[in-house]
Amino acid sequence: MEQQALVLALIGVLGIGAQWVAWRTGWPAIALMLVAGVVAGPVTGLIDPHHTFGDLLEPLVSLAVALILFEGGLSLNLRELRRTDGAVGRLLVLGVPIGWLLGSLACYYVGGLVWPVAVLFAGILVVTGPTVVMPLLRQNNIAARPRAILKWEAIVNDPIGALCGVVTYEYLRRASEGVTIPGLLTSLLAASVVAGLIGWGAAKAIGWSFPRGHVPEYLKAPVLLVAVIGAFVVSNLIQQETGLLAVTVMGVALANMRLDSLRDIHPFKENVTVLLISGVFVLLSATLNLEALERFEWRFLAFLIVLLFLVRPATVLLSLAFTRVPWNERLLVAWIAPRGIVAVAISGLFALRLDHLGYGDGSILVTLSFAVVIATILAHGFSIGPVARLLNVTGASERGLLIVGCTPWSMELAEHLRQLEVPVTICDTSWQRLAPARHAGIPTYHGEILAETTEERLDLSQFEVLAATSENEAYNALVCNEFAPLIGRDNVYQLGSGGEDDEDARALPASLRGRALFTRGHGVEEIIERVREGWSFRKTRITEKFDFETARADLAEGADMLLLLRPGAPLRFFSHASRPVPQAGDTIISYGPPGATGARRGQKGEA
């Protein structure tokens, strides 16, 4: 028991540690988790999953994959599917059979596998999987359409690849009984339909019970988890591997029911998924058998090259032929196809079963599957960013500031930022209030920023900082609280008193609002009054001679520093909770009364 607890703790440290290092360095998280698992497993022997968990290893990994797929399904909004211009449907209907056929040919003629094993392994390889694709998309700035295509393909193809493997295995197992392929496909299709109905039925039950108060708030997340596991297990009892399809359908169905209750559960589900992805990836990497790698042959290297540079590109380009998806986006999708947990887990499972059926090449599946995972993770993990930039399919080249609320104060701030070449967009529900911004050539968004349709009409990934500057302090707090999980609580700011004392019954607690703009947290009414008095923004360039202390001493009486601009770094506002320290080369924007009273005012800003 103590050994299992120690191993679990070590897996958590390695997995989350790899994610943190990836965040700090920009290296691919999946590559770092792979390295961490290999070092802790076969290299040093610190983790031996088979010895520690025994027969529980396979069901633990299966349940983790099911929860990961369910959470991925929760992120699949059908409205987003329209952005892909039919690409996802083509990759499913055409891409799966094309990839299966080309992969089978590569496995047989290049990899040297016998036909039955070649067809089974090629079916497994049609998957990419959210465990590897989602961390890549999270770390890299990819344009909206190819991002949506890769995400949908990864989540929806995962159960399909498992079912392809099941079809082949069941045919091999029952060939002596006279089973025909049409009969086998019919029975598997029926089982898949039943699994889909189980997932849909579970989603409808959740969607009916949660809004009607049949489940208390503190039990909603546990009930949802149990329902996912139940749908997965029941479907697998009917037909092995259909559980993945059930949980995917359940997640997609819930995602499109617009349940208010799920908004509160989403952060918890995302945190659980990060833990599961990190832990399971390290765990499966630690199961790598060095003896299996020793059986690696040069023909396998040729197979990997064909898989990377011929099978995947041909599959995508043939599937997306004559679509409206631009060529540069097709090429990116054709290149990115890392394999992960599902490919390794299913390959290991079928390797044992094929050995029992007398197919000698079954044991080679473990070697090949790990080789494919390592090769695709390293190749695609380190190249997705450069390839996206080369093909010009990245999002906004420089992430900027989103200002919510068009007022005279926010308009003047936006104009100063534009002079400093900082990307800025102003959002407001009033077309009339946005008129000055449109006339000034400042990008605008007309609509309610809190509406669900905003994600379809506005690419929020282009913003690294949000400032809520409307004349309603409560609305500003609501906007900041809504976008804090997406942009980061340290990157959402608002006009309104700071209120560091959470025990003040007249103030909103810090957990429900954004950081207050200005170190003294000026209120909305105070800013409105200062606008009437003619206060304005001024720019100050910090140099070796004109340092921060000098600039601060030179401020006019009552003036405040608002934000700091540093080349190549995010915007940093001065707030009641954050006081960035400027250095030479930085630019400070301050807000002060009319007139220049500082002794060095002529030297400031204009430099």
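Q: Let's start with a single side chain: which residues does glutamate 71 touch, not counting residues up to four places away in sequence?
A: Glutamate 71 touches Lys269, Glu270 and Thr273 once those sequence neighbours are set aside. Keep in mind as we go that this is a predicted model.

Q: Where does glutamate 71 lie, and does it count as buried or exposed?
A: Glutamate 71 lies in helix α4, residues 57-74. The cut-off for buried is under 20% relative accessible area, so at 13% glutamate 71 counts as buried. The helix around it is mostly covered too, with 13 of the 18 residues of α4 buried.

Q: How do I read the length of a helix, and what span does α4 reach?
A: Compare the distance between the end C-alpha atoms with what you'd expect at 1.5 Å a residue. For α4, the first and last C-alpha are 26 Å apart, close to the 26 Å expected. Helix α1, residues 2-25, has 24 residues and reaches 34 Å, again close to the expected 34 Å. For α19, residues 408-419, the 12 residues should span 16 Å, and the end C-alpha atoms are 17 Å apart, which agrees.

Q: Which residues of α1 are buried, and how should I look at a list like that?
A: An α-helix has 3.6 residues a turn, so residues three or four places apart point the same way. With that in mind, look at the buried set in α1: Val7, Ile11, Gly15, Ala18, Gln19 and Ala22. In α19, the buried residues are Trp409, Ser410, Met411, Leu413, Ala414, His416 and Leu417.

Q: What comes after α1, and what happens just after α19?
A: Check phi at both places. Glycine 26 follows α1, and its phi is positive, near 85 degrees. Just after α19, glutamate 421 takes a positive phi of about 60 degrees.

Q: Which other residues have a positive phi although they are not glycine?
A: Two to look at are aspartate 85, with a phi of about 55 degrees, and asparagine 392, with a phi of about 60 degrees. Aspartate 85 sits in the loop between α5 (78-81) and α6, and at 23% relative accessibility it counts as partly exposed. Asparagine 392 is in the loop between α18 (364-390) and β1 (400-404). Its relative accessible area is 60%, and asparagine 392 is exposed.

Q: On to helix pairs: at what angle do α6 and α15 cross?
A: Two packed helices are described by the angle between their axes and the distance between the axes. Here, α6 (residues 87-109) and α15 (residues 298-319) cross at roughly 150 degrees, and their axes come within 9 Å. An angle over 145 degrees counts as roughly antiparallel, and α6 and α15 are therefore roughly antiparallel to each other. The crossing is right-handed.

Q: Which residues of α6 and α15 meet?
A: On the α6 side you'll find Arg90, Leu91, Leu94, Gly95, Ile98, Gly99, Leu102, Gly103, Ala106 and Cys107. On the α15 side they meet Phe303, Val306, Val311, Ala314, Thr315, Val316, Leu318 and Ser319. The residues of this contact divide into 12 nonpolar, five polar and one charged.

Q: How far apart are the axes of α11 and α12?
A: Helix α11 (residues 217-238) and helix α12 (residues 243-255) have their axes 7 Å apart and pack at an angle of about 145 degrees. Their crossing is right-handed. From α11, the contact uses Leu224, Ala227, Val228, Ala231, Phe232, Ser235 and Asn236, while α12 supplies Gly243, Leu244, Ala246, Val247, Met250 and Leu254. The contact residues divide into 10 nonpolar, three polar and no charged.

Q: Back to single residues: is lysine 151 buried or exposed, and which residues is it in contact with?
A: Lysine 151 is in helix α9, residues 144-174, and it is buried, with a relative accessible area of 12%. Leaving aside neighbours within four places in sequence, lysine 151 is in contact with Ser75, Leu76, Glu80, Met134 and Leu137.

Q: How far apart are lysine 151 and valine 132 in sequence and in space?
A: Set the two separations side by side: lysine 151 and valine 132 are 19 residues apart in sequence and 10 Å apart in space, C-alpha to C-alpha. You can do likewise with threonine 367 and serine 347, which are 20 residues apart in sequence and 9.5 Å apart from C-alpha to C-alpha. Threonine 367 belongs to helix α18 and is buried, with a relative accessible area of 2%.

Key:
Residues are numbered from 1 along each chain as its sequence is written. This is a predicted model: local features need pLDDT of at least 70, side-chain atom pairs count only at pLDDT 80 or more; totals for chains, interfaces and linings use all residues. Side-chain values use heavy atoms; hydrogens and water are left out. Helices (H or I, at least four residues) and strands (E, at least two) are DSSP runs, numbered from the N terminus. The expected span of a helix is 1.5 Å times one less than its number of residues. Buried means under 20% relative accessible area, exposed over 50%, partly exposed in between (1.4 Å probe, protein chains only). Axes are lines fitted to C-alpha atoms, for helices over the stretch in contact, and angles run from 0 to 180 degrees between N-to-C directions. Angles under 35 degrees count as roughly parallel, over 145 as roughly antiparallel, 65 to 115 as roughly perpendicular and the rest as oblique. A crossing is left-handed if the near helix is turned anticlockwise from the far one by less than a right angle, and right-handed if clockwise. Contact means heavy atoms within 4.5 Å. Ala, Val, Leu, Ile, Met, Phe, Trp, Tyr, Cys and Pro count as nonpolar, Asp, Glu, Lys and Arg as charged, and the others, Gly among them, as polar.
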